[in-house]
Structure formats: C-alpha cells, structure tokens
Amino acid sequence: MRTRMCDLPSKLVGEKILTKVPITSLGQVRSTCKLWDGLSKDWILGKEAASRTQQFLGFMTMDSKVCSLRFNLRSKDGEQEQEEAQEGEEAVDVSVKQVDILNQVEISKVYQCEGLLLCVAKDNSRLVAWNPYLGQTRTIEPRKSFHKRDVYALGFDKKTRNHKILRYLDYQEGKEHLFAFEFYDFGSNSWRLVEVRPDWEVASGHRGVSLKGDTYFFAQEKIGRDFFDPTFRSSRSSVYSRGFGRVLDCDDFLLCFDFTREKMGPRLPLPFHTLPPLGEIVSLSCVREEQLAVLFQHGGEEEIREELDVWVTTRIDPEDVSWTKFLTFDMRPQARLGVGQLHKHPSFFIDEQEKVAVVFDVMEFSNKDNQPSYHTAFVFGQDGYFKPVLLGEAPNIYTGRFSTWKMYCPPIVCSSSYLPSLVQIKLNNPRKRKERLVILHSFLASLTS
C-alpha cells in the first residue's frame with residue numbers, strides 16, 4: 001500500500017520538509033492538503049518556528065534581480081574556523097538564489113514589512129508588492145509617474161492592519177522643483193496626496209526601515225535654499241559656505257513615519273553626529289522586528305574612513321529612543337583589501353549571538369586594473385575579526401565616455417530575517433493546483449536524490 005503525502009508523520013513533515021522548503025515555494029507546499037497547510041502555520045509561523053534558532057533567511061537585490069538569501073554564521077571563533085578550513089569547511093554558509101516569480105522585471109530596490117515585500121522596478125515604471133509565503137503579487141501603477149529619486153516606505157495602520165505605501169520626493173531638477181508626498185492604500189487600491197512642507201530631507205539613497213508597522217528614516221535639516229520659497233535661508237544649527245555652496249554642518253536625526261496617524265513624529269536623537277564634508281556613512285537596519293540598528297562609518301583622510309560603529313536601540317517608539325553601542329571596528333587594517341571605504345548607502349544586518357555585523361557592498365581592487373570586483377558580504381566582529389564572503393562578480397555599470405572609469409551597484413539586503421505573513425494581496429497570475437503539485441513533486445524528488 002502506497003503512503004500518501006498526507007499520511008506522513010507530522011514531525012517528519014515539519015522538520016525534514018517544511019523547514020527546508022525555500023520561502024518562495026511554501027505556497028505550493030501549503031496547497032498540497034489541509035494537514036500540510038496547518039503544519040506550515042505551526043512550523044513556519046507558530047511556536048515551532050519561534051523555538052528554533054535560525055540562520056538569517058531573507059531577500060536581497062543583486063544585479064537588478066530579487067534573490068532569496070540564506071546566511072548561516074556557524075562560528076566566528078578563530079581556532080574553530082581554522083580547524084574547519086583544514087577540513088575543507090567554511091565557517092560561513094551562504095546560499096543566494098534568484099526568485100523566479102519576479103524574473104520578468106528588473107528590480108532596483110526592495111523593502112520589507114512583516115512578511116510583505118515592496119519591489120521597485122529599475123525603469124521606475126511600477127511597483128510590485130509580493131507576499132512570498134502565499135505566492136501572491138500585486139502590480140501598482142503610479143498616480144502620474146515615479147522618479148528615480150523617489151524614497152519609499154511600506155507600513156500599516158495599527159488599528160485596521162491595512163497596509164500602505166509612502167512615496168516621498170523632494171528634488172530640484174534644473175529649474176523644476178519635483179515634490180511628492182503621497183500614499184497608496186492597499187484596501188482602496190488608490191493613491192492619495194498629502195499636503196506637507198517638510199523642514200527636513202531624506203537622501204534618495206537612504207532606505208527607511210520598517211518596524212512594528214512604522215518606518216524610520218535617517219534625516220537631516222533642510223538648509224540652503226528652500227524649494228518652496230526662492231528666498232535663501234540658513235538655520236542657526238547649520239553652517240553653510242555660500243562661497244563654495246557646500247554644507248559644512250547641519251542637524252541630523254531619526255524620523256519616524258507613523259502609518260496610523262499618517263504623519264512624521266518628532267526628531268529623535270542619534271548616538272553620533274555626521275559632518276557632510278567628510279562623506280561619512282550612515283545606514284539603518286532592523287533587529288528581530290523589535291529594535292533598530294544604525295551603522296556609522298567615521299570620516300578619514302585619503303578616502304579611508306577609520307572606524308565603523310554599530311549602535312542598537314534599547315528603547316524605540318515614534319516619539320522616544322535610546323541607544324547602546326553594539327560594535328566598534330577599526331577599518332584601517334582592511335584598507336589594503338579594498339574595504340577601507342564602503343559605498344555611500346550600504347545595507348547590513350547584525351547577528352546578536354555571534355556579535356557581528358554583516359555589511360553588503362562591492363569589493364574593489366583599485367591597484368589591479370584587470371582584477372574583477374565582487375559583490376561581497378563583509379563580516380565585522382569583535383577583536384578585529386573580519387571575513388569577506390564573495391557572492392559573485394560585480395559588473396561594471398558605467399556607460400560614460402571615460403573607458404577607465406568604473407561604477408558598481410552593491411547588493412541591497414532586507415535587514416531583518418524574513419517572517420512569513422498571511423496578509424492577502426491581489427493575485428496577478430495565480431498558479432493552478434496541477435502546476436503547484438508538479439513543482440512540489442519535483443522538489444520532493446530532489447530531496448531523496
């Protein structure tokens with residue numbers, strides 16, 4: 001008598017199948033039978049999932065494609081790493097796989113909020129909302145048009161649990177002031193303008209981080225010329241060089257956009273202060289959907305930023321924050337490897353157990369013209385621990401007239417490990433049950449081969 005899939009022991013299904021199925025295939029597995037659907041909610045969403053110590057499992061963009069990422073730091077202990085190296089094993093186990101469901105669209109940015117992902121098309125023609133666990137997508141068209149300098153945020157109303165998208169643009173393009181502050185509502189499937197006149201600005205390359213339905217941004221005081229008012233203005237807290245047109249100093253802070261009230265909260269303090277002329281690096285990350293982390297790389301001479309600090313919040317809400325130092329790393333010894341200077345807006349996540357920060361960037365070898373550059377995950381730890389993990393060759397995307405110039409687009413990782421969600425969004429291309437079963441049988445066959 002043949003054993004049916006639904007007759008397999010629950011623990012076997014959970015431990016040996018459901019926990020090994022890629023996130024992007026869970027929708028097909030859940031549709032197999034009601035038992036497996038229920039087990040997936042326990043092993044992937046419920047108490048069994050919470051009780052397991054998991055590796056980082058999430059999503060990233062690399063070379064304009066969305067990829068799933070599994071990153072497992074088995075140990076950063078020097079002696080153990082040396083023993084594993086002698087045995088042919090790596091201390092870091094990494095898997096990057098391209099997501100098939102989004103193959104037809106080149107993606108430049110990706111944002112995450114409690115199980116939903118917001119993907120921005122590289123040509124800025126549309127947005128794609130995606131629930132990887134349910135396998136559902138929704139294409140979102142612009143009210144008028146999108147722009148390459150748009151800043152996006154994904155969050156939800158904590159009273160209704162209705163998801164929303166914030167689109168923000170404040171940019172002077174020639175003589176034209178481009179400004180937008182609008183919401184997309186998943187419930188009504190429509191955009192809505194909001195009248196605001198911000199006295200702050202968020203650089204287009206800075207990605208906000210979603211936490212508990214709200215989104216936090218690194219922001220700076222708007223100084224110099226107000227686009228809404230052609231009269232020059234300068235703030236007391238800023239130092240502006242009129243002769244050279246450079247900002248020498250200005251206030252920087254954390255801002256929280258509250259999706260329930262649909263407004264920005266008060267300015268929140270950061271544990272450091274940046275100086276624009278030094279080109280210092282600031283990036284935000286989320287920790288277990290409970291805390292924020294901020295990476296700050298100090299300015300330095302000869303394009304080597306000397307120190308990298310990571311801070312984590314001990315308390316965080318839209319109107320209050322406190323910080324504690326998580327990690328300090330001296331970057332100078334790594335300058336010879338080409339990582340003395342990170343790119344302007346690197347993405348990262350932290351591993352609290354291993355006490356490391358994993359920063360995604362491009363490793364360049366400027367002293368060797370023919371040496372390829374690589375998408376790289378740099379692991380920074382205590383006591384000078386450092387390990388670069390190569391993810392693949394990075395193509396030179398520079399198309400200008402100077403043949404020796406190079407330009408790279410670093411990978412962007414969603415900063416918190418993915419937690420599946422049962423939030424429903426409209427399906428553009430639903431799969432038929434027969435197609436799902438074919439995919440499932442193929443996957444099960446690969447496990448036994």
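These are my notes from a look through a predicted model.

**Confidence first.** I checked pLDDT before anything else. The chain averages 78, and 68% of its residues reach 70 or more. Two stretches made me pause. Over residues 231–238 pLDDT stays under 50, although the model has 18 contacts there beyond four places in sequence. Residues 240–244 also stay under 50, with 10 contacts of that kind. Where pLDDT is low, the predicted coordinates should not be read in detail. I left the contacts of both stretches at that.

**Salt bridges, whole structure.** I ran the search over everything and got 18 salt bridges. I followed up on a few.

I started with Arg-70 and Asp-93, whose side chains meet at 2.8 Å, N to O. Arg-70 sits in strand E2 (residues 65–73) and Asp-93 in strand E3 (residues 92–98), so this salt bridge ties together parts that are 23 residues apart in sequence. How buried or exposed are the two partners? Arg-70 is partly exposed, with a relative accessible area of 25%, and Asp-93 is partly exposed too, at 26%.

Next I took Arg-167 and Asp-150, which form a salt bridge at 2.8 Å, N to O. Arg-167 belongs to strand E9 (residues 163–173), while Asp-150 is in the loop between strand E7 (136–140) and strand E8 (151–156), so the link joins parts that are 17 residues apart in sequence. I looked up accessibility here as well. Arg-167 is buried at 6% relative accessible area, and Asp-150 counts as buried at 0%.

Then came Asp-170 and Lys-222, a salt bridge with an N to O distance of 2.6 Å. Asp-170 is in strand E9 and Lys-222 in the loop between strand E14 (214–221) and strand E15 (224–226), so the pair ties together parts that are 52 residues apart in sequence. Asp-170 has 16% relative accessibility and counts as buried, because the cut-off is under 20%. Lys-222 is buried as well, at 3%.

I also noted a network of salt bridges that links Lys-158, Asp-214, Asp-258, Arg-261 and Glu-319.

**The sheet with E9 in it.** I wanted the strand order around E9. Four strands make an open sheet, in the order E8-E9-E10-E11, with antiparallel pairing. Which strands stand at the edges? They are E8 and strand E11 (190–193); each has a single partner strand, so one side of each is left without a neighbour in the sheet. From one strand to the next the twist averages 25°. I zoomed in on the E11 end, where strand E10 (residues 176–185) and E11 pair in the antiparallel sense over 4 bridges. Glu-182 stands opposite Leu-193 in E11.

**Ser-285.** My last stop was a single serine. Ser-285 is in strand E21 (residues 281–287). Its relative accessible area is 1%, which means I log Ser-285 as buried. What does its side chain have for polar company? A polar atom of the Ser-285 side chain lies 2.9 Å from the backbone oxygen of Phe-348. Phe-348 is also on the contact list of Ser-285, along with Val-209, Gln-291, Leu-292, Ala-293, Phe-349 and Ser-415; residues up to four places away in sequence are not counted.

Terms used:
Residues numbered from 1 in each chain as written. Predicted model: local features only at pLDDT ≥ 70, side-chain atom pairs only at ≥ 80, totals over all residues. Heavy atoms only, no water. Helix = DSSP H or I, 4+ residues; strand = E, 2+ residues; numbered from the N terminus. Buried < 20%, exposed > 50% of the residue type's maximum accessible area, 1.4 Å probe, protein only. Polar contact = N/O pair within 3.5 Å; in protein donor to acceptor, adjacent residues only side chain to side chain. Contact = heavy atoms within 4.5 Å. Salt bridge = Lys/Arg side-chain N within 4 Å of Asp/Glu carboxyl O. pLDDT = per-residue confidence, 0-100. Pairing = 2+ DSSP bridges. Axes fitted to C-alpha atoms, helices over the stretch in contact; angles between N-to-C directions.
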